[in-house]
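Welcome! Please take a look at the sequence and the model below before reading on.

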Amino acid sequence: MRITCPNCGPRDRREFYYQGDALALDRPAEDAGLEAWDDYLHNRENPAGDTADLWFHEAGCGAWLVVERNTVTHAVHKATLAEKAKR
Amino acid sequence: MRLQTPEKTVTFTFDGRRIKAVPGEPLSAALLANGIKLVARSFKYHRPRGVMSAGSEEQNALVTVGHGAQAEPNVRATTLEVSEGLEVSSQNAWPSLRYDALAVNDLVSPFLAAGFYYKTFMWPRSFWEKLYEPVIRRAAGLGGLSGETNPDTYEKAFAFCDVLVIGAGPAGLMAALTAGRAGADVIIADEDTEMGGRLLREREQIDGKDARAWVADALAELDALPNVRCMTRTTVTGAYDQGTYGALERLAGARAADKPVECFWRIVAKRAILCAGALERPIAFPNNDRPGIMMASAVRAYVNRWGVAPGKAVAVFGNNDDAHRTAHDLAEVGIKVAAVIDSRDDAKVSGDYPLYTGAQVIATKGRHGLKSITIRHNGGTRTIQADCLAMSGGWNPTVHLTCHMNGRPTWREEIASFVPTPDSIPGMVTAGACNGTFSTVACLTEGADVAADVARDLGLKPQTTVPAADDAAYAITPLWAVPGKGRKWIDFQNDVHVKDIRLAAQENFRSVEHMKRYTTQGMAPDQGKSSNVVALAVLADATGRGIPETGTTTFRPPYVPVSIAAMGAGSQGKGFAPERFTTSHQASIACDAPMIEAGLWYRPSYFPQKGETHWRQSCDREVGYVRNAVGVCDVSTLGKIDIQGPDAAALLDFVYTNMFSTLKVGRVRYGLMLREDGHVMDDGTTARLGAQHFVMTTTTAAAGLVMRHLEFVLQVLRPDLDAKIISVTEQWAQFAVAGPQARALLNTVLDQPLDDETWPFMACGAVDVAGVRGRLFRISFSGEHAYEVAVPARYGESLFRMLVAQAEVMGGGPYGMEALNVLRIEKGFITHAEIHGRTTAFDIGMGRMVSAKKDCIGKAAAARPGLSGEMRQQLVGLRAKSPDHGLSAGAHLFAKDAAETRVNSQGYVTSACFSPTLQTHLALGFVENGRARHGEVIKLRDHLRDITEEVEVCDPVFFDPTGGRARG
Amino acid sequence: MVKLIALTPCAGLLPITHGGVEVTEVRPERLMSVAPYAGQSKATSAKLKEQIGEGLSAVMCRAGAVTWFGHGTWLVAGEVALDGVAAVTDQSDAWAVVAISGAGAEDVLARLVPVDLRAGVFKKNHVAKTMLGHMAVTITRTDTATFEIMVMRAMARTLVHDLDIAMRGVAAR
Ligand SMILES: [Zn+2]
């Protein structure tokens with residue numbers, strides 16, 4: 001598997017650390033309530049198809065990325081800098 | 001028998017027998033040249049077997065190469081190059097290949113049919129572990145492993161190209177030429193020792209010259225192109241995501257020191273062209289497995305390429321036009337063609353030898369080598385003397401790689417075979433025989449055409465010119481299994497015959513995947529390369545379905561067996577994981593300190609002295625240094641993160657539970673860090689070096705984790721914060737100097753002496769250490785008056801030696817991890833033994849450190865019900881009621897009179913030690929509602945080490961609870 | 001007065017040579033990491049140019065004394081003062097730096113590094129933050145057949161070990 005880092009170009013999967021669903025970008029407010037925090041911490045979709053998740057180019061440039069990919073075809077559509085993501 | 005006398009020979013041994021061979025030829029050719037037909041015993045029935053093919057698909061002729069630790073089992077004789085002194089032995093036979101005791105399996109074969117394992121070894125249940133499994137394990141498998149460490153070198157490597165051409169037959173060579181001429185970066189890989197594929201094995205003309213001469217010219221041109229890389233002996237084994245391919249390279253020549261035996265390549269290609277050719281498939285007829293019965297294409301390969309006649313009188317049996325090539329080529333070189341048997345009634349064929357159309361082979365004779373065949377023809381039978389039978393059931397395109405990403409091949413009726421389904425692998429196209437395109441000129445054309453398309457795709461301007469070549473038609477009328485009695489082998493490697501597959505269908509294992517598991521057809525090293533389609537056809541027939549409806553099993557990587565050593569190359573021994581050494585490493589080793597691993601770091605356990613026979617003696621002495629004089633310990637392995645920027649303080653307020661924006665410059669504060677789920681992640685001290693400049697300390701274990709976490713916070717959660725972080729763990733060598741004499745010791749190396757006024761407890765700042773600018777932190781992990789002094793790493797070793805020498809003058813010395821652990825347990829300081837991922841700030845008694853004045857990571861989740869309260873297991877100290885009785889980490893805690901069962905467990909021990917300071921055994925642990933139970937006596941039970949002790953629950957700070965020593 | 005003795009990260013480990021490929025230690029005098037604050041890249045670049053003759057280099061590139069060093073970070077070989085516009089951190093002792101040179105250097109690195117370092121792709125002064133074996137490294141092509149490799153100081157021994165094995169394998173072919 002290869003991911004095209006916006007800084008470094010296409011790189012082997014071994015250079016990246018996988019975090020999880022990109023919904024981690026939308027951190028609830030401190031007082032958002034139990035349900036919102038439960039969703040944020042634990043509840044995840046498990047799509048057969050397109051998904052977006054967070055990867056860290058840990059053994060590379062150190063950028064956190066939002067990676068859009070397909071869990072069925074294994075296609076990696078796009079990787080963008082997490083710090084520039086809309087939230 | 002050799003057709004010509006070779007110019008040069010080498011000698012190798014087969015089961016101890018010395019045999020002459022042509023250097024570089026495959027072992028199979030050398031054996032056939034020397035009339036050796038019996039090469040191996042089959043897997044299950046131990047039937048005598050010989051060479052069947054001339055390629056990596058070989059099912060029968062598996063041998064062991066070398067001996068002792070270097071012995072390699074299950075090597076295919078067809079791909080093993082002979083060199084001087086090569087040592088080969090047969091396998092799966094005892095006492096000898098010719099008289100094999102387990103051949104008795106063959107006689108009782110009716111009881112060993114498909115699925116017999118599942119039926120026979122079911123009961124009685126108690127027999128499984130003691131009898132069945134050991135017996136099966138001894139009988140199972142082919143070659144054996146030595147059990148010794150392999151001393152050979154293996155390698156792995158990475159390669160990149162625009163176009164990867166897989167296979168160097170007519171299609172592959174044309175593809176590489178076309179893409180290469182257009183300027184693409186090309187890698188062409190072929191598993192053979194020479195490129196050319198079938199062109200090296202056939203007698204035909206290309207461009208008006210011998211095909212082999214054309215191949216030589218093509219290779220010369222490819223070699224001259226700087227953008228083309230030719231990799232022989234390299235099998236592309238797998239197709240993976242985003243254009244990554246695995247490839248196994250076997251290095252030529254004898255083994256030598258440092259020289260890799262194999263190299264496993266990861267090739268990243270923008271495009272790939274699969275030109276993997278096709279594999280001939282056998283026909284299932286009774287006793288079709290005798291040594292001497294081979295694939296028709298293999299017979300002519302041995303004749304045409306290696307000048308070896310596989311027999312003196314060769315019969316040919318086929319269902320297609322291609323089989324007749326073998327007869328023609330044999331006749332051409334003067335080998336007797338005993339008969340050609342074509343199962344087709346309407347075959348339009350001719351030849352100057354006995355020819356039987358509409359005929360079938362129905363029996364064979366010759367246990368250790370073929371002697372005769374019996375055919376059915378025109379309603380009668382006839383026996384023909386032959387020592388070799390060349391069979392051809394048609395050709396299976398080598399579609400395997402196109403199926404590695406879930407693709408399924410497509411059935412093509414006119415060639416009675418599966419072909420690749422287009423776009424099965426993104427970026428890969430197929431050409432030539434692997435695509436079901438069989439004539440030479442069609443292969444050349446297709447190779448050129450797809451390569452031109454690929455080159456255009458890459459923005460190049462290719463040109464195609466295709467030489468004139470053979471355009472023979474390929475007509476086939478399927479014949480899968482000859483009707484009649486007897487065992488008709490399909491999967492030779494797994495000893496699966498027609499009846500096994502019918503039995504599977506009969507017992508309702510009708511899905512092809514179930515049939516495979518039930519019969520083991522298609523497993524083992526060859527993975528059913530030759531047998532799959534025949535097996536499918538028989539299953540289809542038995543279940544009354546067509547072949548396309550029956551479908552194929554899944555082809556998975558690797559295409560050929562890959563040694564684990566090649567896949568894991570570079571990771572043996574010290575290559576397994578990087579080693580991180582502190583600057584004091586050599587000095588610690590020089591003191592005979594045993595080193596223990598802490599993550600990737602190596603740290604000294606203790607520093608033994610003369611006369612000490614047990615680590616505890618050293619440890620107790622070192623604890624004494626710190627409590628009574630001064631100790632020196634390398635703490636450089638703790639993570640150190642430099643944090644700067646306008647929002648540096650805001651970042652710390654967000655990642656720590658407590659407040660850091662209020663910390664004064666020149667001061668240090670202890671901080672607690674939570675995960676977002678409210679559990680403790682890490683702890684440590686952070687020093688404020690300037691208004692916008694902090695240096696954070698993490699535990700050794702969590703340094704990488706915290707760094708990643710901080711980047712996560714800055715880039716993912718709070719990109720609004722303008723703060724920059726960078727690790728300075730490696731920049732600074734840092735040493736703890738602890739004990740009543742700590743200041744006195746430091747004053748011997750510092751350019752300006754310390755005093756309490758300018759350097760109170762938790763102060764920090766720059767100092768000059770023997771003329772070098774360093775940093776000093778007055779912090780303590782031992783509870784004593786202590787400092788950590790840091791210098792740039794280049795001076796680390798020098799400073800460590802200096803501090804230790806001075807400490808020894810003052811009645812102290814270096815201390816290791818054991819003493820460090822005792823010192824912190826005596827003080828109730830936590831480590832990752834306590835903050836192990838399931839404890840909250842409340843649990844460890846730091847609930848009040850979660851500031852109410854601000855949000856922080858983990859704050860909301862920590863407030864969830866269930867994460868605080870009486871039912872939580874809380875950090876406590878545990879003091880042994882019998883001071884000389886040891887306590888153990890991992891033990892569980894029970895009410896004094898409760899039964900020591902799981903349901904009664906009220907907590908557990910996380911850390912334990914003997915405290916030389918308090919002269920008793922101590923422990924830290926978690927116990928339900930622990931903080932309210934100080935003074936209560938409870939029971940510690942360690943079922944594993946069989947320890948039962950009464951312990952008193954107490955405050956975790958056993959020593960100097962007011963902290964006066966650290967401040968004084 | 002006592003005096004501290006300085007040791008280089010690869011002291012006692014280098015040089016090594018196998019089959020025309022040589023690894024030697026590089027000893028940079030001063031290495032400072034520079035991370036411009038929000039909106040301060042231009043200002044940082046201008047100050048750097050003034051102080052050491054080069055501004056911030058392009059991503060994945062080295063220019064003079066300035067080397068791109070990861071997301072939003074550069075490594076400058078030399079003393080700089082960038083108060084207020086960028087975080088500056090002393091990294092002079094944090095890295096083991098070696099040079100690998102010789103006709104086979106590319107082949108040696110192909111055994112250890114999962115990125116395309118071929119001359120046509122990875123040109124002089126190109127920089128890759130990547131892995132060598134199991135270690136995070138920074139690789140710069142400094143000349144036609146020379147690469148500079150930086151690894152965490154404490155891993156110097158493993159770097160030399162891994163290079164040594166790969167060099168022997170390439171030399172034995
Ligand atoms: Zn990157």
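This report covers a metal site and then the internal cavities.

## About the model

This is a predicted model, in which local features need pLDDT of at least 70 and side-chain atom pairs count only at pLDDT 80 or more, while totals for chains, interfaces and linings use all residues. Residues are numbered from 1 along each chain as its sequence is written, chains are lettered from A and ligands numbered from 1 in the order in which they are written, and side-chain values use heavy atoms, leaving out hydrogens and water.

## The zinc site

Four protein residues serve as donors to the zinc ion: C5(A), C8(A) and C61(A) through SG, and H57(A) through ND1, at 2.0 to 2.4 Å. Donors here are N, O and S atoms within 2.8 Å of the metal (3.2 Å for Na, K and Ca). Along the chain, their spacing reads C-x2-C-x48-H-x3-C.

The angles among the four donor atoms run from 104 to 114°, and the site is tetrahedral (four donors with all angles between 85 and 135 degrees). Both H57(A) and C61(A) are buried (under 20% relative accessible area, with a 1.4 Å probe and protein chains only).

## The largest cavity

There are nine cavities of 30 Å³ or more in the structure. A cavity is a set of points on a 1 Å grid over the protein atoms alone where a 1.4 Å probe fits but cannot get out; lining residues have an atom within 4 Å of a point.

The largest cavity holds about 120 Å³ of space. It is lined by 14 residues, and N396(B), P397(B), V399(B), V533(B) and F555(B) are the closest to its centre. α12(B) gives the largest share of this lining, three residues.

Note on methods: Four donors count as tetrahedral if all angles lie between 85 and 135 degrees; four count as square planar and six as octahedral if opposite donors are over 155 degrees apart and all others between 65 and 115; anything else is irregular. Buried means under 20% relative accessible area, exposed over 50%, partly exposed in between (1.4 Å probe, protein chains only). On a 1 Å grid over the protein atoms alone, a cavity is a set of points where a 1.4 Å probe fits but cannot get out, and a pocket is an open set with protein on both sides within 12 Å along at least five of seven lines; lining residues have an atom within 4 Å of a point. Grid points are joined across faces, edges and corners, and a volume is the space filled by probe spheres set on the points. Helices (H or I, at least four residues) and strands (E, at least two) are DSSP runs, numbered from the N terminus.
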